[in-house]
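Good morning, everyone. I would like to walk you through one structure, slowly, beginning with how confident the predictor was and then moving on to strands and to the contact between chains.

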Amino acid sequence: MRNALLVAALVAAPISLAPLMAFAPLSSQEAAAATSASAITMDPIHSMAIFRVQHLGAGYFYGRFNELTGTATWPLDDSAAPTFDVTAEVKKVDTGSEKLDGNLQGPNFFNQAEFPTIQFKSKSAERVGERHWKMKGDLTLRGVTKEIEVDCTVSGVGKGPTGQKVGFECMFTILRADYGMKWGIEAPKGALGNEVRMTISLEGDVAKAAG
Amino acid sequence: MDGVVGYILSVVVIPALVAAAVASIALVTPLRRRAWAVECFPAMAVALAFLVSFTNELGWTAVARQVITIEGDDAPFERWHRLGLAALMLMVGAVCIVAARMRMPRGGAPIVTMVALGIAGALAAQFVQFPQPTLLKQLGLAALVLAAGVALPLAGGAIYWIAWGAFGIVAALAGLGGFASLAVMCGAVSVASLLIAILAAIGGKFAKDAKPMEAAGAPLVVCAVMLALAARCGDAYDQSQTPDWLWWLVPLVPGFALIFTKQALRAPSIAAATFWRTLGAALVGVAILGAALAIDASKASGSDDADDPYADMYGG
């Protein structure tokens, strides 16, 4: 009887602790170690980053980076956090105006000639809900790498003609001056805001072998 | 104060006024009788205008981080920031060139200018590299410095009037190419050159035994190097459709003073000769600007921006 209770306790303990463990932070190593994590390759046509910055202290100006590339991992049963290694090309900036695109690609902003890509690599994650994670990772922009916090949700898992697809939506806010992009903040004062809100919408193909 | 007005004051007007103040030390004082002062102060002032504009726009750290490590400074090094350091070096160089020229025996001064121009071209090619540098591009930069140095003497006494126009063209092309910072910095040099030209004309009229302005020595080297560097920089980061050859032509604009050389030589006064020389360069400058605008307009007419009156107003 005593042995039976001990066995029951040993079996029950992990089960009862499971909900608590699910909310514990996962390091990138832990996430990578999740045996069922699927390798996901970004689908550039359906992956983009939208940025928002205030213009002249008045309205919000929106633009986007088209055709994001990179990879992610995520177990489809949500047993571990996703990991990301995503790249945006500065030449793919799109505001709907070629002149504005040119200005943004120039040295006063993204300086495409010297820093052609923007990269995000996740490092760790903390679950905040079902398919909802708070992640930390390195954002490299204009040659400066800084750790940022990203709010990431799995937007859905679907099936297309080429196989299984997973979508993510990630949001974060940065101060562009932190990356040396200061034009328009102090000089000319207030032309463009310092705070830039980013919304990243990603869709990727799940690798067939892993899926 | 309005943000844009404050910005223009800070990066164009104040740098130009500071430069004019430095130049005026030689141009409208008894020093106007001294050849070394008339050569040195205005030449230094041209480089100073760029440097003050550069530091007002980006801070001294953008110059300092190129030579020393600054604690807590994690801003990226950008290749075009070398222009600020180059302006600082040219200020020092101007003093050295004038000192060397004054110590040379009669007829030896042009040799100093040629040697200085050669050294400046070599240093520019070695230390000022824009994105995707190649040996050919760096040799091209050195050649452009030398070519500008050959073209500038043709401007004669109109050197600062012509510099006003030439730097103005670089500013306009940079603005067209989406490079606001270079546009305002060259704008500051352009306005400074105009103020120097006016001060030189006033000082020359009223000072006894006033030394004339000459496109030789320090002003020649400073203007040639700065024009070549600014034009190559604008070309390297250009986001418009301005063809490379137009950018390469800008540093040679002073040479087109040659068009009206006959009229300049026959002119009854210095002012008239200056007018003819400036006119030759101005015609080519206007043609360059016209060509760049026409190319840009032809491109815009085929894009969605053509009907957007606010397309040029980003950030403004």
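What we have here is a predicted model, and in chain A the pLDDT averages 86, with 82% of the residues scoring at least 70. Please be careful with residues 5-34 of chain A, though, where the pLDDT is below 50, and where the model has 24 contacts beyond near neighbours in sequence.

Now let us turn to three strands of chain A. Strand β8, residues 117-129, runs antiparallel to strand β9, residues 132-141, and nine bridges join the two. If you would like one pair to look for, find A:Ser122, whose bridge partner in β9(A) is A:Gly137. Between β8(A) and β9(A), which form a hairpin, there are two residues, and in that turn A:Arg131 has a positive phi of about 55°.

On we go from β9(A) to strand β10 of chain A, residues 144-160, which is again antiparallel to β9(A) and is joined to it by 10 bridges. Here A:Met135 stands opposite A:Val150 of β10(A). These two strands, β9(A) and β10(A), also form a hairpin with two residues between them, and the turn residue A:Arg142 has a positive phi of about 55°.

Finally, how many residues does each chain bring to the contact? Chain A brings 25 residues and chain B brings 30. On the chain A side, helix α3, residues 98-105, gives the most, with six residues. Sorted by character, the chain A residues that touch chain B are nine nonpolar, 11 polar and five charged.

Conventions: Residues are numbered from 1 along each chain as its sequence is written. Chains are lettered from A and ligands numbered from 1 in the order in which they are written. This is a predicted model: local features need pLDDT of at least 70, side-chain atom pairs count only at pLDDT 80 or more; totals for chains, interfaces and linings use all residues. Two strands pair if DSSP finds at least two bridges between them. Helices (H or I, at least four residues) and strands (E, at least two) are DSSP runs, numbered from the N terminus. Two residues are in contact if their C-beta atoms, placed from the backbone, lie within 7 Å. Ala, Val, Leu, Ile, Met, Phe, Trp, Tyr, Cys and Pro count as nonpolar, Asp, Glu, Lys and Arg as charged, and the others, Gly among them, as polar. pLDDT is the predictor's confidence in each residue, from 0 to 100.
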